[in-house]
Amino acid sequence: MKKILLLLIGVLFTLSVSGQNDPSEINYGAVNTVTQVGDTLSVEFKYTKKDGAGATLLQFDFEYNNKLMSYHDISWKTPSGASKARNNWSGYKFNPKSNTSESDMDAQYIWWKDEAGNNSYSTSADWSIERLTVQTSSAYTDGDQIIVYRFIIKDKFGTNYSSWDNILKVNWANYKESDGTQIQVGRPTSDIDLNGLEGGNAGSVTLNLSSKALDDNISDGTDYSYEIKNSAGDVVTTGNFDSGGQAVVSQGALENDVTYNVSVSIDNSKDYLDGVVTVADLALVFAEAIGAGSGPSGGSTTFDYYIQDIIADVVGDSDGVDFQDSYEILAHLQGVTSGNSNRISKKGSVYELSGIKETYGDYSNNTVTFANSFTPTDSDQSSKTINVSHGLKGDVNFSHSYEPSVSGGAKSSTSTSQARSSMAFGAKYSQTETANIDLVSSINEDGLVVFDTGNTMTNFSNIVEAGKVRVGSFDQNFDATVKQGTPYKLIFTPLETLENTSGLISFRVKEGVKADGTQIKFNIQ
């Protein structure tokens with residue numbers, strides 16, 4: 001594919017970029033700054049005159065990486081009346097002469113013209129060849145521009161290249177004076193490099209979900225979904241987590257150096273959501289409402305985390321945690337529908353919190369934060385792994401929600417109750433105990449509930465719907481415990497003649513709580 005221009009004799013010629021002191025070099029470089037994928041890069045070639053007559057014939061050959069940039073257009077900077085030509089071939093790369101400096105432009109030219117034959121270029125899909133020829137009657141003078149090329153910077157994602165280094169270099173040069181004298185030409189050893197560009201396909205971005213319900217195998221990762229929006233609030237992509245709580249955002253969905261917001265949602269049709277808010281949460285909210293802190297003056301808190309103020313505000317009035325919130329939870333546990341609009345998470349209706357795990361529940365400037373923004377970058381691959389956390393309103397003891405790990409989200413021990421400050425940090429939310437409940441059944445004719453829990457306990461029972469009964473007790477002073485013995489008797493009236501009661505009753509929520517907040521899980525015997 002050799003194109004030869006026959007010349008009589010050689011002369012001495014130089015080409016350089018302004019600022020170079022060595023006139024024997026052919027320099028080329030960017031004349032503008034590109035910052036991101038899609039920008040237009042302008043590359044200029046300039047002539048620097050050596051002693052003697054100026055060059056009237058300029059010919060040089062260069063190659064550029066067509067996977068990292070694409071040709072846009074050119075602007076010739078030639079003298080009036082000059083003859084000029086541009087040739088280009090895609091899919092080729094120059095093979096420089098071995099044992100000869102690649103910076104010796106006229107030696108490489110002779111190699112191409114007289115020595116290499118068909119071996120001067122080889123096929124290479126990643127590279128394109130450009131060849132420029134200019135002949136003029138008026139010799140070029142020192143500092144004259146020859147031509148400006150413009151290229152569009154392409155995304156390197158999906159290529160075999162990890163950077164935009166060495167994307168363009170001159171292969172050889174042939175310059176002559178008007179009498180045919182060959183000009184010796186060199187070139188700098190470095191080629192055009194572009195570093196630190198922004199944008200481009202971010203590739204695969206991984207989301208890792210943290211949730212207590214997921215950790216304890218209460219839920220499955222596929223119960224959760226994610227939604228990612230851009231800064232304008234437009235939905236960019238959505239998807240579901242796998243069973244282990246991980247999601248890989250498909251390649252091409254996100255771009256580098258763009259800030260996105262991610263939110264996590266749970267499928268609200270799941271039965272286990274009816275067990276999110278229990279008597280353990282009621283105890284915590286009630287203790288906070290009555291100000292059961294470390295001293296009698298009030299103003300203290302029984303919570304470990306600032307986020308609990310948000311989770312426990314089930315009324316949604318932003319008035320802090322008070323008796324209205326504890327009443328709503330108590331009503332919920334008894335199956336009573338309140339006239340107030342509340343935010344208690346349950347099957348069919350969930351109120352969710354989500355955010356970046358590392359800052360989830362942080363507290364600054366009197367505000368609990370749920371930062372959910374992330375920015376994938378090409379320079380930091382760790383930015384493409386995003387840890388997200390999920391929580392539910394009303395879940396004050398974190399039985400189904402992520403318990404914050406950020407130190408800025410913890411309340412100081414001086415403002416919390418003495419009972420809790422003597423415990424390990426966050427211990428009462430991770431500690432559980434088990435206890436047995438004996439179930440004895442017999443056939444009777446009357447139907448009612450009989451309590452024998454102790455004189456100071458507040459008992460409640462309610463038929464929530466056909467076939468479902470809620471029974472429980474709660475000491476509002478956190479002093480008394482349920483009396484040992486047979487605290488509850490549920491008496492049913494058979495609708496048909498029964499021989500025994502096997503299989504007639506199943507239990508869904510079986511839970512208690514100690515005064516210090518420790519959750520008790522009951523085993524039905």
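Where is Asn 99 found? Asn 99 sits in the loop between strand 5 and helix 1, and we will come back to this residue in one of the close-ups below. Please keep in mind throughout that the model is predicted.

**Figure 1. The whole chain, before zooming in.** The chain holds seven helices and 27 strands. Of its 525 residues, 42% are buried. Among contacts with a separation of 6 or more, 76% are between residues 24 or more positions apart. The views that follow pick out a few places along this chain.

**Figure 2. Helix 3 and helix 5, side by side.** Here are helix 3 (residues 279-289) and helix 5 (residues 323-333), whose axes come within 8 Å and cross at roughly 160 degrees. Angles over 145 degrees count as roughly antiparallel, and the two helices are therefore roughly antiparallel to each other. The crossing of helix 3 past helix 5 is left-handed. From helix 3, the contact is made by Val 279, Leu 282, Val 285, Phe 286 and Ala 289. Helix 5 contributes Phe 323, Asp 325, Ser 326, Ile 329, Leu 330 and Leu 333. Sorted by class, these are nine nonpolar residues, one polar and one charged. An α-helix has 3.6 residues a turn, so residues three or four places apart point the same way.

**Figure 3. Ser 326, a serine in the contact between two helices.** Ser 326 belongs to helix 5 and is one of the residues that helix 5 brings to its contact with helix 3. Is Ser 326 buried or exposed? With a relative accessible area of 4%, Ser 326 is buried. Setting aside neighbours within four places in sequence, Ser 326 is in contact with Leu 282, Val 285 and Phe 286. Those three residues are among the ones that helix 3 supplies to the contact. What does the side chain of Ser 326 reach? The side chain of Ser 326 reaches the backbone oxygen of Phe 323, at 2.9 Å.

**Figure 4. Helix 5 from one end to the other.** At the N-terminal end, Asp 322 acts as the cap: one of its side-chain oxygens lies 3.1 Å from the backbone nitrogen of Gln 324. Along helix 5, the buried residues are Asp 325, Ser 326, Glu 328, Ile 329, Ala 331, His 332 and Leu 333. After helix 5 comes Gly 335, with a positive phi near 75 degrees. Gln 334 offers a link to another part of the chain: its C-alpha atom is 8.3 Å from that of Gly 472, although the two are 138 residues apart along the chain. Gly 472 itself has its place in strand 24 (residues 468-474) and is buried, with a relative accessible area of 10%.

**Figure 5. Ser 211 and its neighbours.** This serine lies in the loop between strand 11 (205-210) and helix 2 (212-215). Ser 211 is buried, with a relative accessible area of 0%. Not counting residues up to four places away in sequence, Ser 211 touches Tyr 224, His 390, His 400 and Tyr 402. Two of these neighbours deserve a closer look. The side chains of Ser 211 and Tyr 224 are joined by a polar contact of 3.0 Å. A polar atom of the Ser 211 side chain also lies 3.2 Å from the backbone oxygen of His 400. For a sense of the fold here, Ser 211 and Leu 392 are 181 residues apart in sequence, yet their C-alpha atoms are 9.9 Å apart in space.

**Figure 6. Helix 1 and what covers it.** In helix 1 (residues 105-115), the buried residues include Trp 111 and Trp 112, along with Met 105, Asp 106, Gln 108, Tyr 109 and Lys 113. Which strands help to cover the buried residues of helix 1? Included in the cover are strand 3 (55-65), strand 5 (83-94), strand 6 (121-135), strand 8 (164-177) and strand 9 (182-183). Gly 117, which follows helix 1, has a positive phi near 65 degrees.

**Figure 7. Two asparagines with a positive phi.** Asn 99 is not a glycine, yet its phi is positive, at about 60 degrees. In its loop between strand 5 and helix 1, Asn 99 is exposed, with a relative accessible area of 84%. Asn 365, also not a glycine, has a positive phi of about 55 degrees. Asn 365 lies in the loop between strand 17 (362-364) and strand 18 (367-369), and is exposed, with a relative accessible area of 75%.

Key:
Residues numbered from 1 in each chain as written. Predicted model: local features only at pLDDT ≥ 70, side-chain atom pairs only at ≥ 80, totals over all residues. Heavy atoms only, no water. Axes fitted to C-alpha atoms, helices over the stretch in contact; angles between N-to-C directions. Helix = DSSP H or I, 4+ residues; strand = E, 2+ residues; numbered from the N terminus. Parallel < 35°, antiparallel > 145°, perpendicular 65-115°, else oblique. Left-handed = near helix turned anticlockwise from the far one by under 90°. Contact = heavy atoms within 4.5 Å. Nonpolar A, V, L, I, M, F, W, Y, C, P; charged D, E, K, R; others polar. Buried < 20%, exposed > 50% of the residue type's maximum accessible area, 1.4 Å probe, protein only. Polar contact = N/O pair within 3.5 Å; in protein donor to acceptor, adjacent residues only side chain to side chain.
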